[in-house]
Amino acid sequence: NASTSEAVAKRAPSRELVRILTECRDMAITRLTTTFAQILDRVSDTLMERASKTDVRDEQQMFLDARGALKSERPALMAEFERQLRELIDDRVAGRAQRKEDFSKVDATNLTLVETQSMDEAVLAGNITRVVENLCHDELATLNRGVGYLLGTPDLATDANPLGPSTIVGAFSKAVETLKTDRRIKFQIMKDLNRAPLGDINAIYAH
């Protein structure tokens, strides 16, 4: 009816706001792919270092396999990360994002792959998201206000921000899932991402 149409029209961003949102998305994707390439270099170095320090053959092989997967499939991984970022951001801007269980408050320090692998993966992604949120708390507060204005949601929360950490970590996690390697190796890559310095993301939100 007419009243419903008017309400939708009031909520819909203007053409100019949509343009600004699109530009913000594209800029964020460009910077994030560059930043994650650098972060993965550090993860690869860490995996090699850990492989050289352990005397446990299985652990050593897992670290080397994880490093090998990152090296051999880097172009495909980064392309998939970019694709997932664009898709997730667009879905969240359009309100199509699916709500998932929140494991972000669970400590990921001592996760295992025994029987609860899917939950462990979700917990780990939530933990990485929380780390980024804590690192970028002040910058995210400013970003939330700006993106909230563009979306017509003044009180936009960090977890609802299409450009927020949950989108970034979710996109990378989905990209890692596409690697042609064992699930344990993919999980190891995410565990070492969780240990990696992620402060570079702060600079992206700051600008």
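This report walks through how the helices of this predicted model pack together and what sits in its nonpolar core.

**Overall make-up**

Start with the big picture: the protein has 9 helices and 0 strands. Reading along the sequence, you get the pattern α-α-α-α-α-α-α-α-α. Of the 207 residues in the protein, 41% are buried. If you take contacts between residues at least 6 apart in sequence, 73% of them join residues at least 24 apart.

**Three helix pairs**

Two packed helices are described by the angle between their axes and the distance between the axes. Here is how that looks for three pairs.

| Helix pair | Angle between axes | Distance between axes |
|---|---|---|
| H2 and H3 | about 155 degrees | 8 Å |
| H4 and H7 | about 135 degrees | 8 Å |
| H2 and H8 | about 105 degrees | 9 Å |

Let's take H2 and H3 to begin with. H2 covers residues 15–53 and H3 covers residues 57–72. Angles over 145 degrees count as roughly antiparallel, and H2 and H3 pack at about 155 degrees, so the two helices are roughly antiparallel to each other. Their crossing is left-handed. On the H2 side, the residues in the contact are Leu40, Val43, Ser44, Leu47, Met48, Arg50 and Ala51, and they meet Gln60, Phe63, Leu64, Ala66, Arg67 and Leu70 of H3. Sorted by class, that contact has 9 nonpolar, 2 polar and 2 charged residues.

Next up, H4 and H7. At about 135 degrees, these helices are oblique to each other, and H4 passes H7 in a right-handed crossing. H4 brings Leu77, Glu80, Phe81, Gln84, Leu85, Leu88, Ile89 and Arg92 to the contact, while H7 brings Ser166, Thr167, Ile168, Gly170, Ala171, Phe172, Lys174, Ala175 and Val176. The class split for H4 with H7 is 10 nonpolar, 4 polar and 3 charged.

Then there's H2 again, this time with H8. An angle from 65 to 115 degrees counts as roughly perpendicular, and the angle here is about 105 degrees, so H2 and H8 are roughly perpendicular to each other. Phe36, Ile39, Val43, Thr46, Leu47 and Arg50 of H2 make the contact with Gln188, Asp192, Leu193 and Arg195 of H8. The residues of this H2 and H8 contact divide into 5 nonpolar, 2 polar and 3 charged.

**The nonpolar core**

In soluble globular proteins, nonpolar side chains tend to be buried together. In this model, the largest nonpolar core has 50 residues, and those with the most contacts inside it are Phe36, Phe81, Phe172 and Ile201. At least two residues of this core come from each of H2, H3, H4 (74–93), H5 (117–135), H6 (137–151), H7 (165–177), H8 (183–195) and H9 (200–206). H2 gives the most, with 11 residues.

Phe81 is worth a click in your viewer. Which residues does phenylalanine 81 contact, leaving aside its neighbours within four places in sequence? They are Leu32, Thr33, Phe36, Ile168, Ala171, Phe172 and Ala175. Phe36 and Phe172 are, like Phe81, among the residues with the most contacts inside the core.

**A look at leucine 124**

One more residue to pull up: leucine 124, which lies in helix H5. Its relative accessible area is 2%, and buried means under 20%, so leucine 124 is buried. Its C-alpha atom is separated by 7.4 Å from that of methionine 190, although the two residues are 66 apart along the chain.

Methods
Residues numbered from 1 in each chain as written. Predicted model: local features only at pLDDT ≥ 70, side-chain atom pairs only at ≥ 80, totals over all residues. Heavy atoms only, no water. Axes fitted to C-alpha atoms, helices over the stretch in contact; angles between N-to-C directions. Helix = DSSP H or I, 4+ residues; strand = E, 2+ residues; numbered from the N terminus. Parallel < 35°, antiparallel > 145°, perpendicular 65-115°, else oblique. Left-handed = near helix turned anticlockwise from the far one by under 90°. Contact = heavy atoms within 4.5 Å. Nonpolar A, V, L, I, M, F, W, Y, C, P; charged D, E, K, R; others polar. Core = buried A, V, L, I, M, F, W, Y, C linked by side-chain atoms within 4.5 Å. Buried < 20%, exposed > 50% of the residue type's maximum accessible area, 1.4 Å probe, protein only.
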